Amino acid sequence: MLGLFIEARLLSALTVGISPRRRKIRFTLLVLASVFLIIALARPQYGFNLQEVEQSGLDIVVAIDTSKSMLAQDIAPDRLDRAKLAALELMQDAQADRLGLVAFAGQAFLECPLTVDDTAFEQSVQALDVNSISQGGTGIANAIEAAETAYKENGHFKTLVLLTDGEDNVNEAAALEAAQNAAKDGLKIFTVGIGTTAGDLIRVADANGNSDYVRDADGNVVKTHLNEDLLRQIAGATGGFYLPLRGGDTMDTLYDRGLAPLPKTEGVGKMIRQYHEQYQWPLAIAILLLLAEMFLPERKKTKGQTTGTQRTYAFSDVPTEPAEPIAAKPEEAPPVIPPPVPPLIPSGAVVVLIGLLLLPLAVGASPASALSDYNSGNYTNALDEFTRLAETQTNDLRLVFNAGDAAYRATNFDLAQGLFSEVTLSPDIGLQQKAFFNLGNAQFQLAKQATDLDGIESGLEIAEKSYGRALDLNTNDADAAFNLSFTRDAVERIKEFRAMLLRAKNEADQDVRMSEFHQALEIMAPLQAKLQKTIVAKQYEDFTKKLKQIDDIETPHSQ
C-alpha cells in the first residue's frame with residue numbers, strides 16, 4: 001500500500017528496522033483496546049441493591065372494558081387493543097404515580113392493585129382479553145365499585161380513568177348512581193370513549209376458527225355503538241371530564257389537563273434497584289492495552305557499532321578556518337565475509353567501509369586494487385574504481401559509501417556530499433548513521449570554502465543538522481556528539497563575531513560622517529590586523545586602506 005504513495009527508492013529507508021511481528025502485536029493491542037472501550041461504553045452492571053425512594057404522586061386506577069363489544073374494529077386494530085395501548089401511554093406519563101388496573105364486563109375484578117412497579121402494571125394490561133371476565137355484558141357500576149376497593153389508605157386523592165365504549169347493557173341508571181356515590185367518597189372519574197358513534201359489527205371466531213358475528217337471541221347480528229352521553233354524565237357527576245380516543249395525544253391531554261393538577265400524595269415509597277457499575281474494569285484494561293501499544297515501538301533497537309576518540313579544539317575570538325571534525329580511515333576487512341561498518345579511529349578524515357573490498361571482481365575494477373590505491377593515497381583512482389564497482393553492484397550502498405570516502409579524501413567535497421546523501425537512504429541503520437556523520441564532515445569542509453561569513457554560517461548549520469541525525473540514530477556515538485557540539489558552538493561564535501564587526505564598522509562609519517578619519521582608522525586598523533589570516537579580512541581591507549589614505553592627507557606626519 002505504501003508503494004502507491006512513496007517512491008520505491010525511499011520506501012526501504014522509511015520501513016527500515018520495522019518488525020512485522022511487532023506491528024501485528026501493536027495492531028492486536030489496538031483491536032483489543034477498542035473492544036474493551038466499547039464494553040466500557042456499554043456500562044456493564046453486575047449485582048444490585050434495593051433502595052427505597054420517597055416521592056410524591058397520584059393514585060390512579062385504570063378500568064378497561066373487556067366485554068365482547070370491545071372486539072369491534074371501528075377503531076384500529078380493535079377497541080380492546082386500542083384501550084390497552086391507551087393505558088400503557090398513560091403509564092408513560094404517570095412516571096411518579098401509583099397505578100392500579102380493573103378489568104370489567106358483566107362483573108369487575110381488580111387485576112393489579114395500586115403499585116409503583118410499572119412492569120407489573122404493564123404485564124397485567126397485556127394479559128387482558130375478552131375472556132378475562134367470564135360473565136358477559138358491560139357493567140360500569142361494578143367497575144366503579146371495584147376501583148374504590150383499590151384505595152385502602154385514608155387521605156389519598158382517588159382517581160379513576162375509565163376506558164370503555166359506554167354500552168352498559170346491565171343497568172345504565174346503576175352506573176350513573178354508582179358514579180354519584182363515588183363522588184361523595186372523593187373519587188374523580190375521567191372517561192375515555194373507545195369506538196365511534198356510527199358503530200360496527202362484532203366479529204368473533206367460532207370453535208372451528210371460522211369468523212362470524214355476534215348475534216342476539218333472535219339470531220340478528222349485533223351492532224355496537226359508542227355511548228358518549230352516558231360517559232359524559234358519569235365524568236360530570238364526579239368532577240371529571242370525557243375525552244374520545246382520537247389521534248395520538250389523547251392520553252397526554254388527559255394527564256396534563258385532568259390528572260397533573262390534582263393534589264399528590266406525599267411520601268409514596270418506591271423500591272428501585274441500584275445496579276453496581278462495572279465499567280471501570282474494561283476501561284482500565286483498555287487503558288493498559290493502549291499504553292502497551294504506545295510504548296512498544298515498531299522498529300527494533302539497533303546497537304551502535306562504532307565508537308570514537310574525541311579531540312579538543314580551540315576557537316579564538318576571531319574565527320579562523322574551522323578545524324576538521326572527527327572522522328576515521330578504513331581498516332582492512334576479513335577476506336571472505338563483508339563485515340559491518342568499521343569503528344572510527346581518529347585520523348582527520350571520514351569512515352570508509354572495507355566490507356566489500358573482497359567482493360567478486362567487477363569488470364575494470366576490483367576491491368583489492370581500490371583498497372591498494374586508497375592506502376597508497378591515490379584517492380582519485382580509488383574513487384574511480386569504487387564508482388565502477390558501485391555501478392556494477394547497484395543494490396549495495398556500501399560501495400557508494402566507499403566512493404564518497406575516496407572523494408572526500410581527494411578533496412572533492414561536492415561529490416562526497418552527493419554520495420553520502422545517497423547512502424543516507426540505506427535500510428541498514430548502522431550504514432545510514434555513518435553516512436549522516438560523513439555527510440556532516442563533507443558539509444563542514446564545504447563551509448570552510450565559503451568566501452563570506454554568511455556562507456560559512458549557512459554551511460555549518462547544514463552540517464549541524466547532519467551530525468544531529470547521526471546522533472539520533474546512535475546516541476552512543478561520542479564523535480557525532482562532539483562534532484555536533486563543536487559545529488553548533490562555531491555557528492554561535494560566528495554570530496557573535498558578526499555582531500562585533502558590525503558594531504566596529506558602525507562606529508567607524510559614524511566617525512567618517514563626522515570627518516573624524518583618524519579616529520575611524522584607529523578603530524579599523526587593529527581590527528584589520530587581527531583579521532589578517534581570516535576569510536573576512538578582504539571585506540574590510542579596502543575600507544581600511546581608504547581611511548588610511550584620507551588620514552594621511554588630513555593629518556600631516558612630522559618629518
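Helices here are DSSP runs of H or I with at least four residues, strands are runs of E with at least two, and both are numbered from the N terminus. The model shown in every view is predicted.

**Figure 1. Overview of the protein chain, with 18 helices and 12 strands.** The protein chain has 559 residues, and buried residues make up 44% of them. Among contacts with a separation of 6 or more, 71% are between residues 24 or more positions apart. The accessible surface is about 29100 Å², and carbon and sulfur atoms hold 53% of that area.

**Figure 2. The open sheet of 6 strands.** The strand order is S4-S3-S2-S5-S6-S11, and the pairing is mixed. Strand S4 (108-115) and S11 are the edge strands, each pairing on one side only. On average, and with direction ignored, neighbouring strands of this sheet are turned by 20 degrees against each other. Strand S2 (residues 59-65) pairs with S5 in the parallel sense, through 6 bridges. Within this pairing, Val62 has Val161 in S5 as its bridge partner. Helix H3 (residues 79-93) packs on the sheet and touches S2, strand S3 (98-104) and S5. The direction of H3 makes about 170 degrees with that of S2.

**Figure 3. Strand S6 (residues 187-193) and its enclosure.** A residue counts as buried when its relative accessible area is under 20%. By this criterion 7 of the 7 residues of S6 are buried, so the strand is largely enclosed by the rest of the structure. In a regular strand, side chains alternate between the two faces of the sheet. In S6, Leu187, Ile189, Thr191 and Gly193 point one way, Lys188, Phe190 and Val192 point the other way, and all are buried.

**Figure 4. Pairing partners of S6: strand S5 (residues 158-164) and strand S11 (residues 242-244).** S5 and S6 are parallel and pair over 7 bridges. Leu160 has Ile189 in S6 as its bridge partner. Between S5 and S6 the chain passes through helix H6 (residues 172-184), forming a right-handed β-α-β crossover. S6 and S11 also run parallel, joined by 3 bridges. Opposite Val192 stands Leu243 in S11.

**Figure 5. Surroundings of Pro244 in strand S11.** Pro244 counts as partly exposed, with a relative accessibility of 28%. Apart from neighbours within four places in sequence, Pro244 contacts Gly193, Glu228 and Thr250. Pro244 and Leu163 are 81 residues apart along the chain, and their C-alpha atoms are separated by 9.7 Å.

**Figure 6. The largest nonpolar core, with 45 residues.** Phe386, Val423 and Leu460 touch the most other members of this core. Two or more residues each are given by helix H10 (367-375), helix H11 (379-392), helix H12 (397-409), helix H13 (413-423), helix H14 (429-448), helix H15 (453-473) and helix H16 (478-513). H14 provides the largest share, 9 residues. Not counting residues up to four places away in sequence, Val423 touches Leu397, Val400, Phe401, Leu431, Gln432 and Ala435. Another core, of 39 residues, lies apart from this one; Leu58, Leu88, Leu99 and Val130 are among its members.

**Figure 7. Arg388 in helix H11.** Arg388 is partly exposed, at a relative accessible area of 34%. Arg388 is 11 residues from Leu399 in sequence and 9.2 Å from Leu399 in space, C-alpha to C-alpha.

**Figure 8. Backbone geometry at Pro77 in the loop between S2 and H3.** The peptide bond joining Ala76 and Pro77 is cis, with omega of about -10 degrees.

**Figure 9. Positive phi at Arg43 and Thr411.** Arg43 is not a glycine, yet has a positive phi of about 55 degrees. Arg43 sits in the loop between helix H2 (20-41) and strand S1 (45-57). With a relative accessible area of 48%, Arg43 is partly exposed. Thr411, also not a glycine, has a positive phi of about 60 degrees. Thr411 lies in the loop between H12 and H13. Exposed means over 50% relative accessible area, and Thr411 counts as exposed at 55% relative accessibility.

Terms used
Residues are numbered from 1 along each chain as its sequence is written. This is a predicted model: local features need pLDDT of at least 70, side-chain atom pairs count only at pLDDT 80 or more; totals for chains, interfaces and linings use all residues. Side-chain values use heavy atoms; hydrogens and water are left out. Buried means under 20% relative accessible area, exposed over 50%, partly exposed in between (1.4 Å probe, protein chains only). Two strands pair if DSSP finds at least two bridges between them. A crossover is right-handed if, with the strands pointing away from the viewer, the path from the first strand over the helix to the second runs clockwise. A nonpolar core is a set of buried Ala, Val, Leu, Ile, Met, Phe, Trp, Tyr and Cys residues joined through side-chain atoms within 4.5 Å. Contact means heavy atoms within 4.5 Å. Accessible areas come from the Shrake-Rupley method with a 1.4 Å probe; for residues, only the protein chains shown count as cover. Axes are lines fitted to C-alpha atoms, for helices over the stretch in contact, and angles run from 0 to 180 degrees between N-to-C directions.
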